[in-house]
Structure formats: C-alpha cells, structure tokens
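Work through these exercises with the structure open. Each task sentence is followed by its solution.

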Amino acid sequence: MGLMGCENNSTPGTQSTDTPTSGTIRIGVDETFEPILKSQVDTFQKLYPGAKVQAVYQPEQNVMQAFLADSLRLAIVSRDLTAQERGTFERLKLVPRSIRIGVDGVAIIVHPSNPDSLLTLAQLRGIFTGQQQQWAQLSGKNKLGDITVVFDNNNSSTARFVQDSVTRGTALTKKAFASKSNPALLDYVATHPNAIGVIGVNWISDRDDAAVQKFLKRVRVVGVSPKATGSTPEDYVQPYQGYLAQKTYPLRRELYVISREARAGLGTGFASFVAGNKGQLIMLKAGLMPATGQVRLIEVKPR
C-alpha cells in the first residue's frame, strides 16, 4: 500500500481497529464523481469482504468542511488542499496526503434541438457572466430565446471550476440556478430547449452504462474551442477520453484523493486501491483519464 504511514491514529487521542482492508469508514466524495466512485467502492468491497466503505456524496464545499472537522477521514475532490486548509492541519499537527488519481472534465450540455452545439471559451464566458443572455446573440438563426444556465448545486465543484477557469473570477450570471442534483440537471436540460447545463464528464462518459446511454439520447454534448475567434470545426472538441489525454479539451480538471490518516487504516487502503492498478483500470473503463497507465489513441483515416 503506497500511502501507508506510521502506526499512529488519524487524530490524537482516538482509537481505531480498522486495517487497510477491513473495518468501517466514512469517506466524503464530491457528488459530481458519484458514478465512478460507486464503481470503485463496490469493487473494493467485493475484493475485501471485511471492509465497509460508507461513501457520502455531497457538494465539494460540504465534503471539505466535514473533512476539516474530522467527520471524514478521506475526501475525493477535484482539487488539492488550499494553503489555508494545510494551515489547519499544521495546527492539528497532522500531515495530510494528497494523490492525483485521474483527469476528469467539465462537460457542457444543451437540448438536442439547440443548433448551437459548438461554442468557444469566449462565448461560454459571455453566457456564464450574463453578457450574452439570448441564444440569438450567439447565432442569428437561434430562436430559443433566453439562455438558462443550470448547475448541479450552489456549492458544487463545477460551479467553482467555471468561475475559476471560464469567467476568471467574474461572478456568475444571476439567471443561473442549481437543480439540486446531477440527474435533475440532466432532466432539466433534456426538457428545456433554451437551457445549458454544466456537469462532470463521468456522468456521461461510460458508454457501456445503460443510464449514460439514456442520458445521451436526451441531451447533446457541446464541442468547445479554446480559440476566441477564427475557430474551424476541427478546433471544437468534446470531453472524450482521448482529448483529455491529449489535453486538447480545454475544460479539464484533476481528481484527488486526500487522506488525513496518520496510520495504516482503511482510508489508506482504499486510497491505495483507487490509485493502484485496479482502481486506475476502473477509471479507464469509465471513460476518464487515469493518473497512471496509458491510453491508446487510434487515428482512423478515411479511405
């Protein structure tokens, strides 16, 4: 187990009887990664019947608050610890461990009837800041009216990512709203032609999953170009695994598992599993980019 440390407890004065492959633990998971982490938890528990991993799926902000308060020993989120959070652990005399376990993307989705399925980062910035509030501002042929921006949750990592990487700190449009869950977001976009939604790629990346197949029949995934102007059709890419690997899809983000255990407990064991060969193969199968291992890219040339 690559993350195992010294035989201390996670917090001074506590007692723990779990091992890296047995016992019970509560972990916090950013709810945008629920599909992929359910697969990880299920596989880990089948391999180690003595282990019970109770995953709590919540918005990123809620997960980190519980993690810092010692309600959770493990957090799986789309960012590393901030300087302020590391300072909190220093005061507790704990040394948290962060390990990158994969590369995810933020997908932009629209209704299948929307003719604007190719958008530049500049256009997305205009939409998310409210500078462009009508679909006709993007295309004179688009008659869908007002643009409705939909996120999964007010405290979600996708909303934070859009503000950090797309609007660059500018506040989100006041017309944006939270749908309360990722399935609710997908349902809203599928039933409202004027909507544009922001969702974690792993909700739509596993093409072998029946639920994903159903989602993809009801929404359209937008191709995104990093170029502000002069984009050609070849510049627009969707968040497929190969484009995540090549770093050509512009809305990429990294996935981390963070442990506050200072002993070789079940949290350490699960973190090592997700970062190890079997966990990385699960990432690969789900359509994400694993942190380790290789993705084979095949170029198909027309005859």
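**Exercise 1.** Find the buried residues of helix α2 and say where they sit around the axis.

*Solution.* Step one: list them. In α2 (residues 60–68), E60, V63, M64, A66 and F67 are buried. Step two: check the arc. They span only 160° around the axis, so they lie on the same side of α2. The arc is taken from the directions from the helix axis to the C-beta atoms. Buried means under 20% relative accessible area, exposed over 50%, and partly exposed in between (1.4 Å probe, protein chains only). Helices (H or I, at least four residues) and strands (E, at least two) are DSSP runs, numbered from the N terminus.

The model is predicted: local features need pLDDT of at least 70, side-chain atom pairs count only at pLDDT 80 or more, and totals for chains, interfaces and linings use all residues. Residues are numbered from 1 along each chain as its sequence is written, and side-chain values use heavy atoms, leaving out hydrogens and water.

**Exercise 2.** Which parts does the salt bridge between E60 and R79 tie together?

*Solution.* A salt bridge puts a side-chain nitrogen of Lys or Arg within 4 Å of a carboxyl oxygen of Asp or Glu. Here the N to O distance is 3.7 Å. E60 is in helix α2 and R79 in the loop between β3 and α3, so the pair links parts 19 residues apart in sequence. Both E60 and R79 are buried.

**Exercise 3.** Is R260, the salt-bridge partner of D70, buried or exposed?

*Solution.* R260 and D70 meet at 3.2 Å, N to O. R260 is buried, with a relative accessible area of 2%. D70 is partly exposed, at 31%.
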